[in-house]
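Hi,

Here is the structure I promised to pass on. Have a look at it first, then read my notes underneath.

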Amino acid sequence: MAEESLTVRDNRTGKEYVLPITNGTVPAPKFRDIKTGPDDFGLMCYDPALNNTAVCKSRITYIDGDKGILEYRGYPIEQLAEKSTYLEVAYLVLHGELPTSEQLKQWIHDITHHTIIHENIKRFIGSFHHDAHPMGILCGTVGAMSTFYPSAKNIEDSECRALQIRRLIAKMPTIAAFAYRHSVGMPVVYPDNDLSYTANFLSMMNKMTELKYQPDPVLVRALDVLFILHADHEQNCSTSAVRVVGSSRVDPYSALAAGIAALYGPLHGGANEAVLRMLQEIGSKDKIPALIRKVKAKEALLMGFGHRVYKNFDPRAKIIKVLADQVFDRVPRNPLLDIALELERIALQDDYFIQHKLYPNVDFYSGLIYQSLRFPVDMFPVLFAIARTSGWLAQWEEMILDEKEQRIARPRQVYLGAKRREYVAIEKR
Ligand code: CMC
């Protein structure tokens with residue numbers, strides 16, 4: 001068998017170095033041994049967007065971007081989307097195994113009994129402007145929760161961690177729904193323990209004067225599947241933010257607030273909102289060629305297309321397309337769907353998109369379903385955040401528990417600024 005190592009020759013000195021290869025990686029710190037002399041700092045790896053740098057060892061989510069494979073703890077996303085529920089998947093992502101029926105019952109009970117938020121958190125949400133973006137409210141409120149649960153900083157204590165995990169998964173939909181109700185000037189709806197996780201969320205969003213909210217089971221299931229598809233996605237931008245911030249050993253509320261902030265951006269979780277606005281702006285199929293021309297001229301991005309990892313297809317987008325058919329059997333077909341289908345058809349035949357390996361991603365169709373479930377457009381990234389909470393927490397806890405390798409994240413830089421110089425008095429500048 002070939003030796004699991006890499007030989008590097010430094011042409012500046014003629015010296016050779018042997019680097020071990022483990023799990024298809026070479027250890028970046030070993031490059032520091034490669035020096036031209038004793039005063040040389042040693043080589044570093046330059047990788048601005050962490051394109052080809054593994055920052056952790058993880059056992060949570062597996063992606064093969066070329067083959068379009070996504071698995072949580074080894075289970076294919078297609079099977080989970082067909083057979084499981086969001087809370088069961090959250091348990092799997094966090095605990096590593098599917099729960100037994102007893103464990104699932106207890107888990108659902110635990111989550112259901114942590115959904116109410118402190119009245120002061122409600123008042124905090126109420127103090128935002130009526131037109132505040134709900135993602136901004138979510139980010140601020142989750143960060144503020146660390147002040148309501150100061151013991152959460154005991155991150156070494158497994159029971160304490162488990163309690164914060166339950167609280168975050170349980171309270172995220174409540175905060176999201178309260179933020180929405182505040183934005184439309186409606187009284188909040190408190191959680192209903194008789195309903196499932198997603199049905200309760202729909203109740204908190206939509207309930208009016210009826211005594212009991214009766215959600216359509218097909219729509220509840222559609223939302224549950226969307227939550228399953230968004231539960232985790234290994235080391236993406238927001239998860240990396242959670243890991244980096246969490247590596248300072250801060251409490252999980254603060255770490256997750258960083259994740260929510262990262263997710264808010266239009267290149268990440270904000271893309272579902274951006275897709276919807278793009279489709280609305282296109283307005284009719286005859287305007288599609290003009291947009292495609294703009295995209296190819298690099299004057300615009302085709303939102304909902306492209307992915308850092310998937311270069312063939314995004315398996316989540318495939319599942320969502322089927323889900324869209326089920327939803328549109330139940331509710332009036334979203335007229336933007338026809339524009340989206342035509343846009344996809346044209347783009348997938350175009351050389352630019354073929355050569356750049358650009359395919360619809362999870363966000364291309366999810367917004368159309370969310371809109372048909374009557375969610376306002378600015379709630380779309382919030383829905384993503386609710387679902388991703390389980391993944392963020394699993395990744396955060398995995399990092400905390402990796403005693404051997406967990407240190408504070410601290411990247412290096414290539415300094416290209418001014419050389420050392422003397423301070424110049426203001427009258428001499
Ligand atoms: N429309 C037009 N051109 C694109 C697009 C797009 N959506 N995405 C990538 N490209 C081009 C890009 O201009 C570049 O071209 P060239 O090589 O000629 O300079 C090439 O494809 C490679 O793109 P990149 O920006 O280097 O790729 P990346 O891996 O850094 O970015 C991405 C990935 C998702 C940020 C990017 O594809 C994008 O901006 N997509 C639109 C936003 C979007 O839909 N985001 C949701 C991602 S999925 C949900 C999630 O996990 O957040």
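Below is what turned up, going from the strands to the surface and then the ligand.

A word on the basics: this is a predicted model, so local features need pLDDT of at least 70 and side-chain atom pairs count only at pLDDT 80 or more, while totals for chains, interfaces and linings use all residues. Residues are numbered from 1 along each chain as its sequence is written, and side-chain values use heavy atoms, with hydrogens and water left out.

Strands β1 (residues 5-10) and β2 (residues 15-20) run antiparallel and are joined by six bridges. (Strands are DSSP E runs of at least two residues, numbered from the N terminus; two of them pair if DSSP finds at least two bridges between them.) Val8 has Tyr17 in β2 as its bridge partner. Four residues sit between the strands of this hairpin, where Gly14 takes a positive phi near 80 degrees.

Next, Met44, in the loop between β2 and β3 (61-64). Met44 counts as partly exposed because its relative accessibility is 36%, the class between buried (under 20%) and exposed (over 50%), with a 1.4 Å probe and protein chains only.

Finally, the ligand. There are 20 residues around it (a heavy atom within 4 Å), and His268, Lys298, Leu302, Arg308 and His356 come nearest. For polar contacts (N or O pairs within 3.5 Å), a polar side-chain atom of Arg308 is 2.6 Å from a ligand oxygen. A ligand nitrogen lies 2.9 Å from a polar backbone atom of Phe305, and a polar side-chain atom of Tyr352 is 3.2 Å from a ligand nitrogen.

Cheers

Terms used. Polar contact = N/O pair within 3.5 Å; in protein donor to acceptor, adjacent residues only side chain to side chain.
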